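Let's take a stroll through a protein model and stop at a few spots along the way. Keep the 3D view open as you read.

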Amino acid sequence: MRKNYKIVFVALIFILLLFPIVKFNFSGTVSALEKRNLATFPEFSLKYFKNLDSYIQDRFGGRDKLIKLANFIDYNVFHKSKHNAKVVEGKKGWLYYTNAADGNNLSDFMKTNLMSEEKSQALANKIRDIAAWCDENGIKYLFVINPNKHSVYPEYYPIERPEGLSRSDQNVAVFSQAGVNFIFTKDLLLERKKNENLPLYYETDSHWNRLGAYYAYLGIKTEIEKLFPDLTFPSFDCDVNVTYRYDYNDSPNDHYGDLLPFLGISSMKCTYPLVTPKTGAFEDCFDYIKNEDTAGVITKGKNPSLPKAVIYRDSFCRNLMPYLSTMFSDTEYIWKKIGDFDKDYILKSKPDIIIFEALERMLI
């Protein structure tokens with residue numbers, strides 16, 4: 001009997017050692033849990049073995065589960081501060097993302113991340129170059145800047161936001177002075193917020209919810225209609241229904257609660273509003289040809305007379321996709337930053353419009 005125990009013990013140890021290899025993440029590009037790009041397989045260089053170590057550490061099987069377990073132990077066993085390096089707990093159950101390595105929201109909230117004149121000029125030059133290239137090639141364009149959660153809901157932050165100039169104020173000034181087509185959706189959301197009983201951002205997530213994204217879409221739609229004045233785009237009379245979710249779900253089509261794992265919390269109330277047309281559905285206007293989130297999303301519209309679009313985007317575009325896809329005959333969503341786009345691919349793809357969507361803190 002004792003011998004059998006030894007065999008079982010050795011087998012369990014072998015399985016545990018084998019699991020990180022069998023479940024090794026070869027194909028992933030982004031860590032949804034940590035909100036960052038994963039290390040890629042290194043090219044041979046003097047830092048080859050150091051880079052290879054980073055590649056293995058980022059991708060071994062079970063890594064995300066171990067991170068969640070460590071966060072759970074820190075928060076629930078050792079009772080570490082509610083204000084950790086990546087998340088701060090605000091008032092009334094609101095959580096805010098503060099990871100310094102991913103845009104540094106805390107610095108943005110405190111308005112200590114103001115751009116230097118040099119950086120402002122670099123941003124202006126970048127967007128002017130993009131706009132000029134689009135104009136030269138007969139492609140319409142639109143820059144879409146979306147607000148941080150704390151820019152729309154500063155009142156639930158555990159401390160008061162300082163007065164004075166913010167980085168987003170600088171960004172708006174840069175885009176305005178550059179004379180390019182852009183929309184900063186913050187003012188739209190703040191105006192809607194005045195008469196809206198439901199939150200426009202998930203309390204337990206760093207992103208806006210489907211209602212917030214819908215209101216932003218209405219503003220984006222107005223800007224696109226200005227660029228194509230001879231076209232008629234679909235319009236929807238919608239109802240808003242609200243439910244509540246509690247458990248973290250990282251599905252890209254049902255995204256909420258992404259801040260809970262950082263605190264080791266498995267369940268917390270989150271308002272989940274749904275926007276649905278009174279007749280039909282948004283998806284009646286298009287089909288998903290590819291729906292792989294960070295690896296790319298492609299939709300095919302059912303009205304061939306509408307424009308063809310390529311949209312460079314980040315995670316905030318997840319909840320915009322069902323709305324924006326109704327406006328185009330073909331839409332390709334590519335996860336890249338503003339300015340980080342393939343001009344040769346664009347010329348082959350021949351879109352009528354390129355949309356560059358980015359969160360305000362990530363512009364430069």
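## A serine and its contacts

Not counting its neighbours within four places in sequence, Ser 315 is in contact with His 207 and Trp 335. Before going further, keep in mind that this is a predicted model. You'll find Ser 315 in the loop between β11 (308–313) and α11 (321–324). Is Ser 315 buried or exposed? Its relative accessibility is 18%, so Ser 315 counts as buried, since the cut-off for buried is under 20%. What does its side chain do there? The side chain of Ser 315 makes a polar contact with the side chain of His 207, at 2.6 Å.

## Two helix pairs

Now for some helices. Two packed helices are described by the angle between their axes and the distance between the axes. Here are those values for two pairs:

| Helix pair | Angle | Axis distance |
|---|---|---|
| α8 (residues 186–194) and α9 (residues 210–227) | about 125 degrees | 9 Å |
| α5 (residues 117–136) and α7 (residues 167–178) | roughly 45 degrees | within 10 Å |

The angle in the second row makes α5 oblique to α7. The crossing of α5 and α7 is right-handed. On the α5 side, Ser 120, Leu 123, Ala 124, Ile 127 and Arg 128 take part, and they meet Asn 171, Val 174, Phe 175, Gln 177 and Ala 178 in α7. Sorted by class, this contact of α5 with α7 has six nonpolar, three polar and one charged residues.

Back to the first row: α8 and α9 pack at an angle of about 125 degrees, and they are therefore oblique to each other. Their crossing is right-handed. Which residues of α8 and α9 meet? From α8 come Leu 188, Leu 189 and Arg 192, while α9 brings Gly 212, Tyr 215, Ala 216, Leu 218 and Gly 219. By class, the contact of α8 with α9 has five nonpolar, two polar and one charged residues.

## Two lysines with positive phi

Last stop: a pair of loops. Lys 92 sits in the loop between β3 (87–89) and β4 (95–97). Its phi is near 55 degrees, a positive value in a residue other than glycine. With 73% relative accessibility, Lys 92 counts as exposed, because exposed means over 50%.

Lys 350 is in the loop between α12 (343–349) and β13 (353–359). What is the phi of Lys 350? Phi is near 55 degrees here, and this residue is other than glycine too. Lys 350 has 64% relative accessibility, so Lys 350 counts as exposed.

Note on methods
Residues are numbered from 1 along each chain as its sequence is written. This is a predicted model: local features need pLDDT of at least 70, side-chain atom pairs count only at pLDDT 80 or more; totals for chains, interfaces and linings use all residues. Side-chain values use heavy atoms; hydrogens and water are left out. Axes are lines fitted to C-alpha atoms, for helices over the stretch in contact, and angles run from 0 to 180 degrees between N-to-C directions. Helices (H or I, at least four residues) and strands (E, at least two) are DSSP runs, numbered from the N terminus. Angles under 35 degrees count as roughly parallel, over 145 as roughly antiparallel, 65 to 115 as roughly perpendicular and the rest as oblique. A crossing is left-handed if the near helix is turned anticlockwise from the far one by less than a right angle, and right-handed if clockwise. Contact means heavy atoms within 4.5 Å. Ala, Val, Leu, Ile, Met, Phe, Trp, Tyr, Cys and Pro count as nonpolar, Asp, Glu, Lys and Arg as charged, and the others, Gly among them, as polar. Buried means under 20% relative accessible area, exposed over 50%, partly exposed in between (1.4 Å probe, protein chains only). A polar contact is a pair of N or O atoms within 3.5 Å; within protein, one must be able to donate a hydrogen and the other to accept it, and residues adjacent in sequence count only if both atoms are side-chain atoms.
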